[in-house]
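Grab a pencil and work through these short exercises. Each task comes with a solution you can follow step by step.

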Amino acid sequence: MNFAVGLKPLLAEARSMESLEKQLICPICLEMFTKPVVILPCQHNLCRKCANDASNPLWQSRGSSAVPSGGRFRCPSCRHEVVLDRHGVYGLQRNLLVENIIDIYKQESARPLHAKAEQHLMCEEHEDERINIYCLRCEAPTCSLCKVFGAHKDCEVAPLPAVYQRQKSELSDGIAMLVAGNDRIQAIITQMEEICHTIEENGRRQKQHLGLRFDSLYSILEERKKELLQSIAREQEAKVQRVRGLIRQYGDHLETSSKLVESAIQAMEEPQMAVYLQHSKELLKKITDMSKVSMSSRPEPGYENMDHFSINVDYVAEMLRTIDFQTEPLGEEEVDGPGDGSEAAADEDRLDSLEGPEAAEGESLTCLGPPCPWRCGAKAEAGELSPW
């Protein structure tokens with residue numbers, strides 16, 4: 001049974017009522033006009049209360065586009081200036097037509113929807129018969145004549161209100177189930193959003209902790225680098241000072257010898273034998289003494305070599321490459337963060353185990369035992385380190 005013909009007038013009526021309602025909206029309060037309705041000189045309508053508020057100089061809290069100024073205000077629809085007489089808004093004419101339309105609209109809106117539908121849902125095959133029963137086998141509304149003489153005469157039927165109430169109850173139960181399911185889904189979504197927020201917060205905190213751990217490693221490496229550079233600088237300074245001292249010693253000897261040679265040449269040019277013999281003996285003695293001065297003191301072979309300060313960091317580098325996250329759950333103190341002194345001390349102790357030995361000048365360097373990544377040795381004479 002097709003009853004679309006009966007639904008079309010109903011839908012058209014609903015659209016008409018909706019269009020009518022839009023025409024009955026006050027532009028100030030944005031609600032349906034409340035009686036009495038006044039007509040402005042520009043032929044636009046307002047609720048009397050809204051017009052009275054718009055004409056009040058103290059009226060500013062409604063957010064309206066009207067601009068009050070004593071007995072004047074502007075129409076919120078067209079901005080036309082409305083000038084009130086001594087009667088104020090009570091001097092404006094009432095729009096009785098709009099008030100009557102509002103009464104009719106409210107009466108039509110108050111009518112039950114199913115009553116309107118019953119007036120329009122007529123049988124397509126029997127135009128004068130209302131649809132008042134429901135065919136249970138065909139699952140379609142129909143009329144009594146269709147049950148007696150028509151297509152549904154062999155079908156089981158039921159009163160339309162009973163089927164309506166039953167299906168409406170089922171639909172209501174289905175809606176309740178969907179609403180409950182939606183609430184559960186929303187709760188799950190909220191929970192997962194909280195999980196995402198917690199993940200982001202935990203990730204940010206762990207990134208900060210990781211950065212602090214590596215900053216600690218950087219500071220230890222920088223400190224150790226500074227100490228080793230100071231060791232190299234000390235021996236470098238000592239060796240350079242020793243060689244420069246020898247250079248000054250040889251320079252003084254060379255200067256003295258050059259002056260003696262110059263004096264000897266001048267003596268050789270003396271033409272008088274008596275004068276020459278007066279100074280020759282002393283000059284020969286100086287030359288003999290100068291030739292006997294030993295200048296064998298010089299740096300040993302390889303003294304300039306600084307290779308004994310080489311270090312092997314491959315072992316340490318390989319250990320650094322194996323840094324990874326802990327698989328065991330952290331304790332409460334570790335979870336609290338990197339600020340506790342015990343964990344920081346433990347980290348420093350672990351790094352100290354990777355450092356090579358260092359000794360002050362004059363002390364012996366002791367190897368920590370194999371496998372030792374550092375080239376240890378003992379101080380040799382004259383502050384010299386010999387690799388072992």
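**Exercise 1: the aromatic pair**

The count here comes to one aromatic pair (ring centres of Phe, Tyr or Trp, the last by its six-membered ring, within 6.5 Å). The model is a predicted one: local features need pLDDT of at least 70, side-chain atom pairs count only at pLDDT 80 or more, and totals for chains, interfaces and linings use all residues. Residues are numbered from 1 along each chain as its sequence is written, and side-chain values use heavy atoms, with hydrogens and water left out.

Task: work out which class the pair of phenylalanine 214 and tyrosine 218 falls into.

Step 1. The ring centres are 6.3 Å apart and the planes meet at 55°.
Step 2. Planes under 30 degrees apart count as stacked, over 60 as edge-to-face and the rest as tilted, so this pair is tilted.
Step 3. Phenylalanine 214 and tyrosine 218 are four residues apart in helix α6 (a DSSP run of H or I, at least four residues), so about one helical turn separates them.
Step 4. Now for cover: phenylalanine 214 has 28% relative accessibility and tyrosine 218 has 47%, so each counts as partly exposed (between buried, under 20%, and exposed, over 50%; 1.4 Å probe, protein chains only).

**Exercise 2: charges over a ring**

Task: find which charged residues sit over the ring of tyrosine 303 (NZ of Lys or CZ of Arg within 6 Å of the ring centre and within 35 degrees of the ring normal).

Step 1. Lysine 239 has its charged end over the ring, 5.0 Å from the centre.
Step 2. Arginine 242 lies over the face of tyrosine 303 too, at 4.7 Å from the ring centre.

Terms used. Helices (H or I, at least four residues) and strands (E, at least two) are DSSP runs, numbered from the N terminus.
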